[in-house]
Amino acid sequence: MSLGVLEEETFCHCCHQLLQQSEQLRDGWTWESVQGSQEGYLRKTVLRSAVINSHPVWNQEESSSDSKTHTSCHSWPDQQGQEKEQCVVDEDDGVCVVPEGNSQVLQYEYHILYSSSYSTPVLYFRASTLEGRSLSLEEVWSSVHPNFKTRLLNNPLSTITQQEHPLLGQPFFMLHPCRTHEFMRPVLQSAQDQRGQVNYMLTWLSVVGPLVGLEVPLNYNFKLQNAIQYYTLTSPQT
Amino acid sequence: MASDTKEAVSSTADLKLQFAPFSSALEAGFWHQLTQKKLNDYRLDESAKYIKGYYYNGDAVGLPTRLTLEFSAFDVDGPTPARCCPAVGMLYNTNTLDAFKTTDKKALLEKEAKEIWDAIQSGAAVKDPSLLCRFILLTFADLKKYHFYYWFCFPALCFPEGIKIVQQPSVLEQVFSAKQIAALQEAYDGLCMKRGTTAVSYFLMKYTDDTVQLAPLQDWDTFFTDTKKVTVGVYDPCTLSQHPGWPLRNLLVLLANQWGSKLDIVEVLCFRDRTLQGSRSIQHSVILQLKLPELPSNSACPKSVGWEKNPKGAMGPRMVNLSECMDPKRLAESSVDLNLKLMRWRLVPSLDLDKVVKHKVSSPRCWDSRLQLAFCYIGWGVRHITFVDNAKISYSNPVRQPLYEFEDCLGGGKSKAVAAVERLTKIFPGVKAEGYNMSIPMPGHPVNFSQATLSQAQRDVEQLEKLISEHDVVFLLMDTRESRWLPTVIAGCKRKLVVNAALGFDTFVVMRHGLKKPPVSQNVSARTDSSPSCSSTSSSSSTPAGSVTSVPVSSLFSNIPGHKLGCYFCNDVVAPGDSTRDRTLDQQCTVSRPGLAMIAGALAVEMMVSILQHSEGGYAVASSSDDRMNEPPTSLGLVPHQIRGFLSRFDNVLPASLAFDKCTACSPIVLDHYEREGFNFLSKVFNSSHSFLEDLTGLTLLHQETQAAEEGT
């Protein structure tokens, strides 16, 4: 087994371990299997309020006319319709006034899949408003923390790409895995040198996750220390 | 938040309990799935369908109280996410927007409220409390525009006079000791485990100073021995400190209906259970002390409310436009653009894409494989493409040109330019392609047979002039030499970038024409004064070797600035004429190795992109083969004048050459005549033999001088 390469079997093992820990930590990871196949993916959803720039600079020409209607509510143009809606409104004094923030609430959905071409895990994600409108790449970029943004743009290591989800067939964003080996190798090497043990997936996730707002609690590492099952680099089975 | 505390301060005597309504939350996958269901299963069926949502009590402060529907919402028997409570709903998907509008919302709400009321009265809701938490979703999916209209309703039964708060809502940690809180957490987990779930929506509760006991709703009679004061727990998705969430509402009606007569004060635990960074807490749960009013003694269903307000805060539906993420046309467009963006991020950070994308390209009468060029254009994000052609598609075309299909050849064949546009739009709808079926008048091909042919030629020239001035780059990809003449002159005059590609059997040339400096008004007038004299006196100043030798030898082929570069005709000492006359059929149509057109075409597009990337554009100094080792002038590398390729040797060279002052297409005298006389000058060129242009430019004299020099030796 060459260093930095993750075999599919090991991937499954790591997922299993991560799921166990997630269960203990209530971190929300679940395993979604695809019907009629053995394949599946790790899934987690996170809700976050963020300020997004819904007028991307790039496609301004094309989107300016449409973007207005993205989140607008619909008002009935005809008088008849308005009268009808009146009937629906029954006075309800049992509703509290919910304070509204300036920022928008976004739903992030993260998937971890195994890529047999790259022999690495790949992080897929998408973000949508509460109406279910997926964010465009520009909007996703605008929600990435500025500190990471400059780094990402200068560093092709984990560029965000749009791709079809290999199992669901829906458009997703992904962090491109082409350099995953490169940044994983030193970590695994040092772990091997120190005869330490490391969960490939956790290490990888803690590197790539924060770039797209996915935090990995430190407790994972703590739990790992106490975990009985380890993924040891020196295991010769694979 | 400020309003909350204000409310709390006002006298508790007549303080009414207010609930935080659900906000609908739809995941992107939901609309995808609804689209699939509508297209494949429901079709025109408007009847109500069961769907499933869920709510969660572990949100961070500040997030709205949500009822979430994901792509799995249509699988009612599917699993609910861990530690979430399910809610079953009815989906009413209408076929028309009109039906959506005219649906009787009040009736829908009352129907659903009645079912909840029936479940409460019959006691079914005691056994299965999830019957209390239901919703209605009214939708209309406009699948042509990918606009989705929707309106949620979360039916809640109301007490006519509201519910009185006996004591201000307090946070659990102010009421319970740490020990009690730990015991509660343990008891809740135990109840979940006993019931084989990860969340319990409603439960009963008893506690002492150091113990907490929980039980399901149906155990009421055995669990509570003293009903003076009972405590019920509700899984509460709200995060406000002074208000419970919506699910409590119908529970209170259930309590009043089932046990109202025995109850005095009801204590409610709004159970909230969140985990941050791996550490769990429930101490922010809220405790309420309520006095339940009596329900009207008759068994009629109480008043119900629940339609969700839209983002404007008005009672009305919502609309979401998903064309960008669902419309296949838009998706194709964005993925083509995305590829370009990635290329920029990954490979060439300084690439100025807008420069390329905003350019319009016109390809007058190109040879057949030019359509493959279209793919290159699109690949680079060029969106405005205009084809000019006068040919029809023949049966041999489709096999060589993927843009044409067999059907296009039938019935005499479609016009190539038009068919190309149709096909291109099919392949990539985002392209703004236009096709013009027209002929380009050529020198040596007379147009003066009749008034009709002459005026047709004039219209064609005008059309071509208009097209060239509307576009940024002109590609000359014709079969014959003479057909390139008119566009060369017009583009030269209008100072448009011209990329020219020409094929031999196994050789090709791809070149950019020298881009003349913009005309300065004074210079032009000075030149017009001098040029007629120049031609009339047969220009004794012109030397036999032409202007090539008149510049210093040191800079002969290196560092030629763009405005001094030659055009396609500069290297010729013969004016263009009818090159198809006196030739056999196989000579008339250019026979080339099949791959040559694609190679040359692709190089032509790539050359254009490199030129546009150069800060000086068409005025860029020409790179030559010698510059291959030097620092490239643009992020994409060299900007040559010409690429000459030899397929037999699989070799390309990059020569550069100067403009020829006696050129039949780009010399000042030709441009000048065209500018001044317009179509009159052109018609002379079309109708005369090739000596007309040669006489004008001084080539005739050059020939004579050369001949004289040869004879003299």
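## Report on chains A and B

B:Ser281 touches B:Arg272, B:Asp273 and B:Arg274, leaving out residues up to four places away in sequence. The model is predicted, and every value below is computed from it. B:Ser281 belongs to strand β13 of chain B, which covers residues 279–281. Its relative accessible area is 16%, so B:Ser281 is buried, the cut-off being under 20%.

**Buried loop residues of chain B**

Three residues in loops of chain B are set side by side here.

| Residue | Loop in chain B | Relative accessibility |
|---|---|---|
| B:Arg83 | between β3 (66–69) and β4 (84–94) | 12%, buried |
| B:Tyr146 | between β5 (134–142) and β6 (147–157) | 15%, buried |
| B:Lys496 | between α18 (485–493) and β21 (497–503) | 18%, buried |

Two of these entries also deserve a look at the backbone. B:Arg83 is not a glycine, yet its phi is positive, at about 60 degrees. B:Tyr146 is not a glycine either, and its phi is also positive, at about 60 degrees.

Why does B:Lys496 count as buried? Its relative accessibility is 18%, and buried means under 20%. Setting aside neighbours within four places in sequence, B:Lys496 is in contact with B:Ile468, B:Ser469, B:His471, B:Asp472, B:Ala491 and B:Leu515. B:Glu470 lies 26 residues from B:Lys496 along the chain. The C-alpha atoms of B:Lys496 and B:Glu470 are separated by 9.9 Å.

**A strand pair in chain B**

Strand β6 of chain B follows the loop that holds B:Tyr146. β6(B) runs antiparallel to β16(B), and 4 bridges join the two. One pair of partners can be named: B:Tyr149 has B:Met319 in β16(B) as its bridge partner. Strands of a sheet pair through backbone hydrogen bonds, either parallel or antiparallel.

Strand β16 of chain B spans residues 318–321. Which residues point one way from β16(B), and which the other way? B:Arg318 and B:Val320 point one way, B:Met319 and B:Asn321 the other. All four of these residues are buried. In a regular strand the side chains alternate between the two faces of the sheet.

**Two helix pairs in chain B**

Helix α4 (residues 105–122) and helix α9 (residues 247–259) of chain B have axes that come within 9 Å and cross at roughly 40 degrees. Angles under 35 degrees would count as roughly parallel. α4(B) and α9(B) are therefore oblique to each other. The crossing of α4(B) past α9(B) is right-handed. From α4(B), the residues that take part are B:Ile116, B:Trp117, B:Ile120 and B:Gln121. They meet B:Asn250, B:Val253, B:Leu254, B:Asn257 and B:Gln258 in α9(B).

The second pair is α22 (residues 668–677) and α23 (residues 679–687) of chain B. Their axes come within 6 Å and cross at roughly 125 degrees. The roughly perpendicular range is 65 to 115 degrees, and roughly antiparallel begins over 145. α22(B) and α23(B) are therefore oblique to each other as well. B:Val670, B:His673, B:Tyr674 and B:Glu677 in α22(B) do the meeting on one side. On the other side, in α23(B), stand B:Phe679, B:Asn680, B:Phe681, B:Leu682 and B:Lys684.

**Chain A and its sheet**

Chain A has 8 helices and 6 strands. Read from the N terminus, the elements run α-β-β-α-α-β-β-α-α-β-β-α-α-α. Of its 238 residues, 47% are buried. Chain A exposes about 12000 Å², with 47% of that supplied by carbon and sulfur atoms. Among contacts between residues at least 6 apart in sequence, 64% join residues at least 24 apart.

In what order do the strands of the open sheet lie? The order is β1-β2-β3-β4-β6-β5, with antiparallel pairing. The edges are β1 (30–33) and β5 (160–164) of chain A, each of which pairs on one side only. Neighbouring strands of this sheet are turned by 35 degrees against each other on average, direction ignored.

At one edge, β5(A) pairs with β6 (residues 171–175) of chain A in the antiparallel sense over 5 bridges. There A:Gln162 stands opposite A:Phe173 in β6(A). Helix α1 (residues 8–25) of chain A packs on the sheet. α1(A) touches β1, β2 (40–50), β3 (104–115) and β4 (120–129) of chain A. The direction of α1(A) makes about 140 degrees with that of β3(A).

How values were computed. Residues numbered from 1 in each chain as written. Chains lettered and ligands numbered in written order. Predicted model: local features only at pLDDT ≥ 70, side-chain atom pairs only at ≥ 80, totals over all residues. Heavy atoms only, no water. Buried < 20%, exposed > 50% of the residue type's maximum accessible area, 1.4 Å probe, protein only. Contact = heavy atoms within 4.5 Å. Areas by Shrake-Rupley, 256 points an atom, 1.4 Å probe, with all protein chains shown as cover. Pairing = 2+ DSSP bridges. Axes fitted to C-alpha atoms, helices over the stretch in contact; angles between N-to-C directions. Left-handed = near helix turned anticlockwise from the far one by under 90°.
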